[in-house]
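Visitor: I should like to understand the reasoning behind the terms applied to this model. Please take me through them.

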Amino acid sequence: MLQTLRISLDSRNVQALPFLFSSMKKEQWKRSEYIDVARLLCRHRRWEKGMGFYQKGLQGVKGQKQALLLLEVIRVQIEAQLYRQALVNIKKTRRISTRNRWLFWELQMREIEVFRYQKKLPKLLSRLAEKWRRTKDAKKLLLLAQLYEETQHKLQAVLMYQRALKLQPRSRKARIQLIGWHTKQGDLSTVRKHLRKLIAYRQATPAHYLQLARELMTRSGHFSLPSWNPSWKHGYYCRYRSRYRPYRRSIRGYRSRRSQNVAARSRCTPQD
């Protein structure tokens with residue numbers, strides 16, 4: 001029956017679907033088969049029928065399996081723009097006790113996604129800010145800072161990044177955001193301090209080294225770096241002979257040989 005349904009959906013045979021659905025109601029399937037049918041229907045954007053089969057597949061499931069299945073249903077409901085049902089399932093999943101810490105953050109990101117689509121992100125942000133007002137978790141503070149940035153509250157975002165950096169000094173993301181903020185404000189001494197910290201923690205990229213070099217050269221009075229012109233720039237590597245050959249030398253040799261040939265020809269030609 002599942003194979004017949006797949007063929008009908010792939011071929012877009014809409015007339016056969018009512019007969020298949022009525023036949024499927026009479027059959028008793030395993031839980032995994034209900035989930036497979038639900039996934040197949042949702043893949044073809046048959047949301048209403050797919051949600052019905054998901055509900056049948058969730059019957060009798062408890063614990064971690066229930067939480068994972070509900071998370072899958074939440075993702076499908078967000079894609080189908082069923083935001084109210086998604087929020088209800090998020091609250092239901094949070095009540096399930098599991099040891100998976102990642103599930104908390106996954107549900108939180110899905111909730112943010114729902115409020116973003118509903119254009120109610122400031123409402124969620126005020127609720128989270130009140131809830132995590134005295135938190136000691138740097139990850140929560142980083143999330144608050146990102147939401148403040150998204151809602152155009154730059155100063156609050158900087159305060160959250162500073163709090164996160166105090167709790168977790170090796171937080172690369174918070175430090176990079178603070179470098180950008182202090183650079184725009186013209187606070188070069190703080191920028192140099194954060195750049196040195198990035199280098200000390202071995203988290204800096206070549207761009208950070210260059211930025212620190214420019215800041216130091218500006219401070220010392222040398223306002224420009226020398227042009228990048230290494231000696232190996234004008235050469236190429238021959239992988240067959242496994243050695244380096246400079247272009248300039250070969251071009252000069254070709255030109256000298258050509259000039260010699262031209263001179264020899266001019267001597268050999270008879271003059272009138």
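The exchange below sets computed values against the cut-offs that give them their names.

Visitor: How is confidence in this model expressed?

Guide: This is a predicted model, and the mean pLDDT of the protein is 82, with 79% of the residues at 70 or above. Residues 247–252 have a pLDDT below 50, and this stretch has four contacts in the model beyond near neighbours in sequence. Where pLDDT is low, the predicted coordinates should not be read in detail.

Visitor: What is the overall make-up of the protein?

Guide: The protein contains 14 helices and two strands. Of its 272 residues, 35% count as buried. Among contacts with a separation of 6 or more, 43% join residues 24 or more positions apart.

Visitor: Why are α4 and α5 called roughly antiparallel?

Guide: Two packed helices are described by the angle between their axes and the distance between the axes. For helix α4 (residues 47–58) and helix α5 (residues 64–79), the axes come within 11 Å and cross at roughly 170 degrees. Angles over 145 degrees count as roughly antiparallel, and α4 and α5 are therefore given that description.

Visitor: Which residues make the contact between α4 and α5?

Guide: From α4 come W47, M51, Y54, G57 and L58, which meet Q66, L69, L70, E72, V73, V76, Q77 and E79 of α5. By class, this contact of α4 with α5 comprises eight nonpolar, three polar and two charged residues.

Visitor: Which residues touch the most other members of the largest nonpolar core?

Guide: They are L5, F53 and Y54, in a core of 61 residues. Leaving aside residues up to four places away in sequence, L5 touches L17, L20, F21, M24, V37, L40 and L41. Another core, of five residues, lies apart from the largest one and includes I179, V191, L195 and L212.

Visitor: Why is W29 classed as it is, buried or exposed?

Guide: The relative accessible area of W29 is 16%. Buried means under 20%, so W29 is buried. W29 is found in the loop between α2 (17–26) and α3 (31–43). The C-alpha atoms of W29 and G57 are separated by 9.5 Å, although these residues are 28 apart along the chain; G57 is also one of the α4 residues that meet α5.

Visitor: What makes K166 buried or exposed?

Guide: K166, in helix α10 (residues 154–167), has a relative accessible area of 72%. The cut-off for exposed is over 50%, so K166 is exposed. From C-alpha to C-alpha, K166 and A138 are 8.6 Å apart in space, and they are 28 residues apart in sequence.

Visitor: What is notable about the phi of R45?

Guide: R45 has a positive phi of about 65 degrees although it is not a glycine. Most residues other than glycine have a negative phi. R45 is placed in the loop between α3 and α4. Its relative accessibility is 51%, and exposed means over 50%, so R45 counts as exposed.

Visitor: How do you know whether Q81 is buried or exposed?

Guide: Q81 has a relative accessible area of 57%. With exposed defined as over 50%, Q81 is therefore exposed. Q81 lies in the loop between α5 and α6 (83–94), and Q81 has a positive phi of about 65 degrees although it is not a glycine.

How values were computed: Residues are numbered from 1 along each chain as its sequence is written. This is a predicted model: local features need pLDDT of at least 70, side-chain atom pairs count only at pLDDT 80 or more; totals for chains, interfaces and linings use all residues. Side-chain values use heavy atoms; hydrogens and water are left out. Axes are lines fitted to C-alpha atoms, for helices over the stretch in contact, and angles run from 0 to 180 degrees between N-to-C directions. Helices (H or I, at least four residues) and strands (E, at least two) are DSSP runs, numbered from the N terminus. Angles under 35 degrees count as roughly parallel, over 145 as roughly antiparallel, 65 to 115 as roughly perpendicular and the rest as oblique. Contact means heavy atoms within 4.5 Å. Ala, Val, Leu, Ile, Met, Phe, Trp, Tyr, Cys and Pro count as nonpolar, Asp, Glu, Lys and Arg as charged, and the others, Gly among them, as polar. pLDDT is the predictor's confidence in each residue, from 0 to 100. A nonpolar core is a set of buried Ala, Val, Leu, Ile, Met, Phe, Trp, Tyr and Cys residues joined through side-chain atoms within 4.5 Å. Buried means under 20% relative accessible area, exposed over 50%, partly exposed in between (1.4 Å probe, protein chains only).
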